[in-house]
Amino acid sequence: MIESKKLLVRLLSPLKPYLFYLALTLFCLTVSRLFLMVWKFDRIDTIDDWVTLLGFGLRIDLASISYIIGIPAVISLLISGIPYLNRVWNILTRIWLTSTFVLLIFMEASTPAFIEEYSLRPNRLFVEYLLYPKEVFSMLIEGHKLTLLMTSLITTITIILAYQFFRKQSILSRPQPKWFERPVLAVIIFTLAFLGARSSLQHRAINPSYTAFTNDPLVNSLTLNSTYSLLYAVSQMSGEVSSFELYPNMKQDDVITQIHKAIGLEKNQFTSSEFPTLHKQVATRHFDRPKNLVIILEESLGAQFVGSLGGLPLTPEYDKLVPEGWSFNNLYATGTRSVRGIEAVITGFVPTPARSTVKLPNSQTNFFTIAKLLGRQGYDTNFIYGGGAHFDNMKSFFLGNGFDSIIEEKDFVNPEFLGSWGVSDEDLFSKANQDFVTKSKSGKPFFSLVFSSSNHDPYEFPDNKIELYNTPKNTRENAVKYADHAIGHFFKLAKKEKYWKDTVFLVVADHDARTTRSDLVPIPSFHIPALILGEGIAPKQDSRITSQIDLAPTLLSLIGVDSTHPMIGQDMTNVSDDYIGRAIMQFNDNQAYMKGNQVVILQPQKSPKTFLYDNSTLLPSDKVDPDIIKQAIAHPLLGTWLYNEKKYDLIRTE
């Protein structure tokens, strides 16, 4: 017995720091997961789900740790008998184990705040926001001081304790394995690490899709640890997620057939073999001179905050305008990020599980936008934003795809208020009004995208502008009220100017506020307002299901522009009042396709799930029309295909 113990000690001595790392890390990650499970206990239905969460969590944690320590442990075994080299490696091992352990703990400490905002563990948004340190750190300092303090404190303590702990663990512990034992041990450890990292004998290694077991994306994400969740998302960004990899496949000809059917156009109405969605749209209204177009994109303005849509009484100015224009009461955003809203409203592009095309490399030039279309028809086009237009790659995308100029934070002289995300909405709209007055004097039609930002965490806006809805001042509800106040301010200015009678205005949200619902795709959290205003726009309360991608084709008709374009959205001026609309919603890697009350949800590497949507509730159903299932599959496949093949543009004339 004593001899066996001595043999085991000798064989494992170079692995001592890795074994301690394994035990300590598993303990900390399990405690963190249990904390999150207790915090969100109301989202976990049964004891079996608790056990499944912990079981999958253990496998993911073992896989993560195997990636971290597998190769270093093998190297430690192979060089354990080589003087000097093993001492250098011992120092490097200590640094590696300390650094990776600190990263794991930092990510777990950051997780509650991320879940509170996005209802998921940290994913690629965590990295994307770090690309904009000015805006992000200003937001944290202004609105998340306690989170910043606690995360910094936990991380600092972890650095100190981890370094002290791993300094005491050495690969040089005596006795060492004999020379002929080392390669055998190295093979064994490599095999165990390889199996641990894969955690599966199936064709695919374990991944977030493998551990998904409920209809609640948050609960599914709890099976991961936050470092794994983040790094997996980053790895998907490098090659970008493809609909063809995640969702059921379909031949290209079948994709086009289903898309043509969904648009409601005949095959001979499409004008190009090179660009498969390019088609002619004849406007339903015409004028001696085309109308100007102004799109006001409102940050995070979900229907839940709009009084006229049955939400909280936070939008009196918007609600006053509703009887004057065309109100879309059943409109759905395509995603949960501003760039997804920009993509839908400005390009009409269908959402995919990849990042928005605003941020993807293949779409920075030679990609369709309505600015490009209108620019070729003689319009002056620009983007007006109160913050830095570099955020979310907007500046590069817009200037590369048809926008003539950009007005951003640096162009505002002595603004009344400056916050973390730029100037206030009132400053923004005052500047926009001045710009429109100047442009209207040139006799040239103009198109402008105006993007608000006051309704963004940490919800900063000028004092004494509104009667507060709740306290403290800097809450989402009060920010919505202020953003609405600024909309009223703009339209009071605009109605006094000559350009008013020559302009069509759209006010629309980019997306709703973050959701805490547990659905695979929380459809009520995609419901947003949209209102078209202008002289000659007949008042209308439109209850047809509409998607953000339908807005641009509709606007082209309303401003009197005949065009050829690749957008697959519906011109809502050209369909009957009993038209059964559809909406497409991307939520993380899931996509919902809703037509009438029938809903199809696509998930990674899973068969489509079908539901009926009744009173804001998804009810599982096998009665969904098979054609709707085919159309649900075709849309994201189309987006990936058109992006990859660079087939979403106007016919290039240059």
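Domain 1 and domain 2 bury about 2500 Å² between them, with 49% of that on carbon and sulfur atoms. Buried area here is the accessible area (1.4 Å probe) that two parts lose on being put together, summed over both. This is a predicted model, in which local features need pLDDT of at least 70, side-chain atom pairs count only at pLDDT 80 or more, and totals for chains, interfaces and linings use all residues. Residues are numbered from 1 along each chain as its sequence is written, and side-chain values use heavy atoms, leaving out hydrogens and water.

Domain bounds come from an automatic or database domain assignment. The centres of the two domains, taken over C-alpha atoms, lie 41 Å apart. Contact means heavy atoms within 4.5 Å.

| Domain | Residue range | Residues in the contact |
|---|---|---|
| Domain 1 | 1-238 | 26 residues |
| Domain 2 | 248-645 | 31 residues |

The interface has 0 salt bridges (a side-chain nitrogen of Lys or Arg within 4 Å of a carboxyl oxygen of Asp or Glu). On the side of domain 1 that touches domain 2, the elements giving two or more residues are α4 (85-118), α5 (124-130) and α6 (133-143). Helices are DSSP runs (H or I, at least four residues), numbered from the N terminus. The most comes from α6, with 6 residues.

Now to one residue. Serine 66 sits in helix α3 (residues 47-78). Serine 66 counts as buried because its relative accessibility is 15%; buried means under 20% relative accessible area (1.4 Å probe, protein chains only). Beyond its neighbours within four places in sequence, serine 66 contacts Ala193, Gly196 and Ala197.

Conventions
Buried means under 20% relative accessible area, exposed over 50%, partly exposed in between (1.4 Å probe, protein chains only).
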